Amino acid sequence: METTRKSSLFFFSLLTSIVWTVVLAGLLSWNIATELQQTLDQATHQTRTFFKEFLLARFWNSLHGGVYVPVTKETQPNPYLDEKSRDVVTTEGLRLTKINPAYMTRQIAAIAARRGEFRFHITALQLINPENKPDSWETEALQQFGTGKKEFYEMFEGEEGIKEFRYMGAIVYEESCLPCHSEYGAAEGGVG
């Protein structure tokens, strides 16, 4: 009788331990999945917000037909801006060059990369500047944009097993974009 009771108590303890282990493992799995989803949601929200703010800066630049800045060692004339008034000289002899939205984006991206903040750049399937060639992930995103999708993002394991987040948003051509891009087939409302 005593042996049966000890055996039942052992079985009950073992069963309780197994049940609690399964419950705790389930809660841990749920917690990890929830945490990953919250991380993805937060990264998406922050990146989407940055992208929208940057689009506003690009739009401001394009509304003004580009902006003129002094020519410096860091800011040389854009070889891909085929415009007669790209470079001007003020009456005081100051050399200025026009910065269009694409060139502005490249310069700001270079500053961000130097500061280690984040990395970004512009790309397209129809390139003006061959340095903007998309990688395979970006090509897939650009093809999705051709079907009407406006953004493409993914959390993945990068180098050294570190989680990385990639985001790409579609840039929609507006009327102020067409003077530079219409010769490449761009139309208002199209995606670049």
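Strands β2 and β3 run antiparallel and are joined by three bridges, in a model that is predicted rather than determined by experiment. Together with β1 they belong to an open sheet of three strands in the order β1-β3-β2, paired in antiparallel fashion. Beyond this sheet, the briefing covers a nonpolar core of seven residues, five salt bridges and nine aromatic pairs.

**The three-stranded sheet**

- Within the sheet ordered β1-β3-β2, the strands β1 and β2 stand at the edges with a single partner strand each, so one side of each is left without a neighbour in the sheet.
- From one strand to the next, the twist of this sheet averages 35°.
- Where β2 and β3 run antiparallel, valine 88 stands opposite leucine 96 in β3.

**The largest nonpolar core**

- The largest nonpolar core is made up of seven residues, namely Trp137, Ala141, Leu142, Phe145, Phe152, Met168 and Ala170, and helix α3, which spans residues 136-145, gives the most to this core, with four residues.
- Such a grouping can be set beside a general tendency: in soluble globular proteins, nonpolar side chains tend to be buried together.
- Phenylalanine 152, one of the core residues, is in contact with Trp137, Glu140, Ala141, Gln144, Phe145, Arg166, Tyr167 and Met168, when its neighbours within four places in sequence are left aside.

**Salt bridges**

- Among the five salt bridges of the structure is the one between arginine 48 and glutamate 151, whose closest N and O atoms are 2.5 Å apart.
- This pair links distant parts of the chain, since arginine 48 lies in helix α1 (residues 2-63) and glutamate 151 in strand β4 (residues 151-157), 103 residues apart; arginine 48 itself is partly exposed, with a relative accessible area of 26%.
- Lysine 98 and glutamate 83 form another salt bridge, with 2.4 Å between the closest N and O atoms; lysine 98 lies in strand β3 (residues 95-99) and glutamate 83 in the loop between β1 (67-70) and β2 (87-89), so the pair ties together parts that are 15 residues apart in sequence.
- The two partners fall into separate accessibility classes: lysine 98 counts as buried at 8% relative accessibility, whereas glutamate 83, at 28%, counts as partly exposed.
- Aspartate 87 and arginine 86 also meet through their side chains in a salt bridge of 2.7 Å, N to O, and aspartate 87 counts as partly exposed at 33% relative accessibility.
- Asp135, Glu138 and Arg166 are linked in a network of salt bridges, and Arg166 is also among the residues in contact with phenylalanine 152.

**Aromatic pairs**

- Of the nine aromatic pairs, one is formed by phenylalanine 50 and phenylalanine 118 in an edge-to-face arrangement, with 4.9 Å centre to centre and 65° between the planes.
- Phenylalanine 50 belongs to helix α1 and phenylalanine 118 to the loop between α2 (101-115) and α3, so that the pair links distant parts of the chain, 68 residues apart; phenylalanine 50 is partly exposed at a relative accessible area of 30%, and phenylalanine 118 is likewise partly exposed, at 38% relative accessibility.
- The rings of tyrosine 153 and phenylalanine 165 have their centres 6.1 Å apart and their planes at 40°, so this pair is tilted; the two residues lie in strand β4 and in strand β5 (residues 163-169) respectively, 12 residues apart.
- Tyrosine 153 counts as partly exposed at 36% relative accessibility, as does phenylalanine 165 at 22%.
- Phe50 and Phe118 also belong, with Phe54 and Phe120, to one aromatic cluster.

Definitions and conventions: Residues are numbered from 1 along each chain as its sequence is written. This is a predicted model: local features need pLDDT of at least 70, side-chain atom pairs count only at pLDDT 80 or more; totals for chains, interfaces and linings use all residues. Side-chain values use heavy atoms; hydrogens and water are left out. A nonpolar core is a set of buried Ala, Val, Leu, Ile, Met, Phe, Trp, Tyr and Cys residues joined through side-chain atoms within 4.5 Å. Buried means under 20% relative accessible area, exposed over 50%, partly exposed in between (1.4 Å probe, protein chains only). Contact means heavy atoms within 4.5 Å. A salt bridge is a side-chain nitrogen of Lys or Arg within 4 Å of a carboxyl oxygen of Asp or Glu. Two strands pair if DSSP finds at least two bridges between them. Axes are lines fitted to C-alpha atoms, for helices over the stretch in contact, and angles run from 0 to 180 degrees between N-to-C directions. Rings of Phe, Tyr and Trp (its six-membered ring) pair if their centres lie within 6.5 Å; planes under 30 degrees apart count as stacked, over 60 as edge-to-face and the rest as tilted.
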